[in-house]
Amino acid sequence: MRPAEWPGHDLRVRTVVAERFVVGWSTAEVEDFIRRLTAAVPVLAGLGAELVGSWAVPADETCLLLYLADDADVVRRAHAAAGLPVDRVVEADELEARRPG
């Protein structure tokens, strides 16, 4: 079943999710990555990858980065140009969940 067909959801916006695996990283290393990411936001945006949000998921030892971009390759190229490696980049569909009733 494609996302647009999932019951209770409306397909709204195409997004790109990048993951940086931080397995074994110290808190200081994760904070440094986030500082460098924050400093690179204008560069990334200039290359077509607009950062919408970022999340640390300690239980999975990963950082998730949400972008608006033409496609995943734009985000990959922007991160490479900014010197900020990411481990996985995938296109995703943003879904708006609604409460019943």
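Student: Is strand S3 mostly covered or uncovered?
Tutor: Strand S3, residues 62-68, is mostly covered, with five of its seven residues buried (under 20% relative accessible area with a 1.4 Å probe, protein chains only; exposed is over 50%). Strands here are DSSP runs of E with at least two residues, and helices are runs of H or I with at least four, numbered from the N terminus. This is a predicted model, in which local features need pLDDT of at least 70 and side-chain atom pairs count only at pLDDT 80 or more, while totals for chains, interfaces and linings use all residues. Residues are numbered from 1 along each chain as its sequence is written, and side-chain values use heavy atoms, with hydrogens and water left out.

Student: How many bridges join S2 to S3?
Tutor: Seven bridges join S2 (residues 50-57) to S3, and the two run antiparallel. Among the bridge partners, glycine 53 is matched with leucine 66 in S3.

Student: Turning to H2, which of its residues are buried?
Tutor: In helix H2 (residues 72-82) the buried residues are Ala72, Val74, Val75, Ala78 and His79. They lie on the same side of H2 because they cover an arc of only 160 degrees around the axis (taken from the directions from the helix axis to the C-beta atoms).

Student: And what is exposed on the other side of H2?
Tutor: Arg77, Ala80 and Ala81 are exposed there.

Student: Why does histidine 79 count as buried?
Tutor: Histidine 79 counts as buried because its relative accessibility is 1%.

Student: Which side chain does histidine 79 join by a polar contact?
Tutor: The side chain of tyrosine 67, at 2.6 Å. A polar contact is a pair of N or O atoms within 3.5 Å; within protein, one must be able to donate a hydrogen and the other to accept it, and residues adjacent in sequence count only if both atoms are side-chain atoms.

How values were computed. Pairing = 2+ DSSP bridges.
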